[in-house]
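Subject: A structure to look through

Dear colleague,

I am handing over a structure for you to look through at your own pace. Please open it first, and then read the notes below with it in view.

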Amino acid sequence: MQPNAKDLLASHSLDILDAIPEGVFITNLEGITLYVNRMYEQLTGLSRHQVLGRQVRSLVEEGVFDLALNPEVVRKAKTVTHTQRLRNGKMLVLTGTPVFDETGALRLVITFARDITRITQLNEQVSLQKQLIEQTNEQMAYMAREQSQTTTPIFASEVMHETLNFLQTMAKTDATLLILGETGVGKDVFARYVHGQSQRSDKVMMKVDCGSISESLVESEMFGYMPGAFTGASTKGKAGYFELAKESTIFLDEIGEMPLAMQTRLLRVLQDGEIMRIGGSRPVKVDARIIAATNRDLASRIEEGKFRQDLFYRLNVATVTIPPLRERQADIQPLAEAFIRKYSAKYNKRIAFMDVTLKAMSHYSWPGNVRELENFIHSLIITHQGPIIAPADLPVSILGKEAPKTEPYSDLLQGGRSLKEIMADIESDFLDRAIRWHGSVQQVARIFKVNRSTIFRKIQKKNTDSAKDRASP
Ligand SMILES: Nc1ncnc2c1ncn2[C@@H]1O[C@H](COP(=O)(O)OP(=O)(O)OP(=O)(O)O)[C@@H](O)[C@H]1O
């Protein structure tokens with residue numbers, strides 16, 4: 001260093017600090033503000049006389065800013081970085097550095113401040129947009145799922161004809177509908193059917209699984225909340241299911257599982273026809289048709305004190321009970337055929353039931369109802385080899401324990417079909433098994449001394465005949 005450089009620098013030290021394009025804030029070890037440069041005044045909007053000679057802790061206590069770096073820098077004797085929010089909302093990033101004298105003793109803390117208000121605002125905007133995108137994505141995914149699930153009910157039984165007639169009449173009204181029935185009978189399918197037949201069908205039905213929303217979230221999910229209504233709430237607020245179901249239908253599935261506190265709130269909504277978001281002050285009119293469903297016996301839930309009687313009366317305006325599958329045997333065959341078509345197409349297979357197989361299936365009680373039937377056929381299609389499903393392909397649980405003990409061909413012995421048809425059935429069933437046993441049509445043709453084309457014809461004919469039989473009314 002030039003001989004007089006030190007003096008020159010010392011005499012201009014404050015000018016030098018003022019020329020630095022970042023805010024500079026200098027404190028002694030006690031945290032008393034000794035100096036702030038011009039850029040600090042510009043960045044913060046604070047003038048020198050507001051801070052010079054002041055203890056940084058008191059400035060924090062007065063709310064001038066929310067954090068002081070000085071104590072931490074002194075304690076650690078090394079550089080520390082933090083963000084600081086000023087009273088006027090500006091955000092700074094501060095880097096405080098200890099300054100030592102020639103003996104190594106800590107003398108001062110010099111803090112550099114940069115304005116990050118804009119970047120913080122941009123970050124906040126980005127996370128707000130992200131939140132909105134997530135909410136929109138959630139809603140879009142829900143809508144796509146809902147629309148892909150619209151199923152037309154399949155049935156043939158007299159009782160389901162009557163049920164569907166009743167539901168059709170109900171669909172034309174806005175009355176609250178309660179659907180009862182064991183698990184898997186199709187309550188969901190019939191709720192969708194009513195919505196699909198109603199004047200609200202151009203809007204997506206809002207399905208709420210009352211049994212799976214956590215008790216702490218159920219209120220905010222149902223009724224929504226205002227911005228900042230509680231810790232962790234989205235800053236934009238959120239619409240609840242009732243608002244999302246505006247001009248549509250809200251389907252309260254598993255209503256028997258709804259927590260008691262929520263039942264009270266729901267009852268009020270049904271009585272007043274209004275909802276209020278959490279933290280809100282203005283009630284909003286409910287414009288949603290309500291369909292509720294449960295597989296629970298609500299009468300015993302009421303007796304156990306788990307379901308409000310007054311809510312039950314409110315819901316029990318129009319009630320329909322979907323009978324279990326065992327009480328509508330006539331539905332089993334058309335349902336089984338629809339499911340075999342659905343899953344054969346899905347797995348690109350050509351598989352059909354023998355009539356005797358369908359008959360055997362109709363005698364099973366299907367305790368899991370249509371869901372059990374559908375799942376059974378789904379897994380059968382995945383594992384089954386060959387074009388025909390024979391009774392022997394059914395598990396003993398479905399075929400019944402007595403099946404092997406009963407007279408062979410007991411169904412066929414009852415009559416009703418020509419010998420030719422029966423033989424064709426047995427022949428194609430045999431060929432089907434032989435192909436599976438020996439691994440190829442060629443082997444079967446050789447072993448049983450028959451042409452390959454004859455084997456194909458017989459199997460195919462059986463398939464076409466059964467398809468025709470099923471197609472004819
Ligand atoms: N009549 C029907 N036609 C076509 N598919 C049906 C029919 N009934 C039920 N299903 C099918 O059976 C399965 C079970 O039906 P769903 O979920 O509607 O039963 P659920 O009564 O609502 O059962 P849970 O009480 O367990 O909710 C679904 O895959 C549904 O598509």
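A residue is called buried when its relative accessible area is under 20%, exposed when it is over 50%, and partly exposed in between. Please keep in mind as well that this is a predicted model.

With those words in hand, a good place to begin is helix α9, which runs over residues 187-197. How many of the residues of α9 are buried? The count is 8 of its 11 residues, so by the cut-off of under 20% the helix is mostly covered. The buried residues in α9 are Lys-187, Asp-188, Phe-190, Ala-191, Arg-192, Tyr-193, Val-194 and His-195.

One of these buried residues, Asp-188, also takes part in a salt bridge, its partner being Lys-207, with the closest N and O atoms 2.9 Å apart. Because Asp-188 lies in helix α9 and Lys-207 in strand β7 (residues 206-209), this pair ties together parts that are 19 residues apart in sequence. Lys-207 has a relative accessibility of 24%, and therefore counts as partly exposed, whereas Asp-188 is among the buried residues of its helix.

The model holds 26 salt bridges in total, and two others are worth following by eye. The side chains of Arg-114 and Glu-22 meet in a salt bridge at 3.4 Å from N to O. This pair links distant parts of the chain, since Arg-114 belongs to strand β5 and Glu-22 to the loop between α2 (13-19) and β1, and they are 92 residues apart. Arg-114 is partly exposed, with a relative accessible area of 40%, and Glu-22 is likewise partly exposed, at 25% relative accessibility.

The other one joins Lys-238 to Glu-221, with 3.8 Å between the closest N and O atoms. Here too distant parts of the chain are linked, Lys-238 being in strand β9 (residues 238-239) and Glu-221 in helix α10 (residues 218-223), 17 residues apart. Lys-238 has a relative accessible area of 22%, which means that this residue is partly exposed. There is also a network, in which salt bridges that share partners join Asp-18, Arg-38, Glu-41 and Arg-48.

Next comes the space inside the model. By the rule used here, there is 1 cavity of 30 Å³ or more, and the space in the largest cavity comes to about 130 Å³. Which residues lie nearest the centre of the largest cavity? They are Phe-25, Leu-69, Gln-84, Leu-94 and Thr-111, out of 13 residues that line the cavity. Strands β1 (23-28) and β5 (106-115) each supply at least two residues of this lining. Sorted by class, the lining has 9 nonpolar and 4 polar residues, and no charged ones.

Finally, two residues deserve a look for their backbone angles. Ala-77 has a positive phi of about 55 degrees, although this residue is not a glycine; you will find Ala-77 in the loop between α6 (70-76) and β3 (80-85), where it is partly exposed at 35% relative accessibility. Asn-369, also a residue other than glycine, has a positive phi near 55 degrees. Is Asn-369 buried or exposed? At 0% relative accessibility, Asn-369 counts as buried, and its place is in helix α17 (residues 369-383).

With best wishes

Terms used: Residues numbered from 1 in each chain as written. Predicted model: local features only at pLDDT ≥ 70, side-chain atom pairs only at ≥ 80, totals over all residues. Heavy atoms only, no water. 1 Å grid on protein atoms, 1.4 Å probe; cavity = no way out; pocket = protein on both sides within 12 Å on 5 of 7 lines; lining within 4 Å. Points joined across faces, edges and corners; volume = space filled by probe spheres on them. Helix = DSSP H or I, 4+ residues; strand = E, 2+ residues; numbered from the N terminus. Nonpolar A, V, L, I, M, F, W, Y, C, P; charged D, E, K, R; others polar. Salt bridge = Lys/Arg side-chain N within 4 Å of Asp/Glu carboxyl O. Buried < 20%, exposed > 50% of the residue type's maximum accessible area, 1.4 Å probe, protein only.
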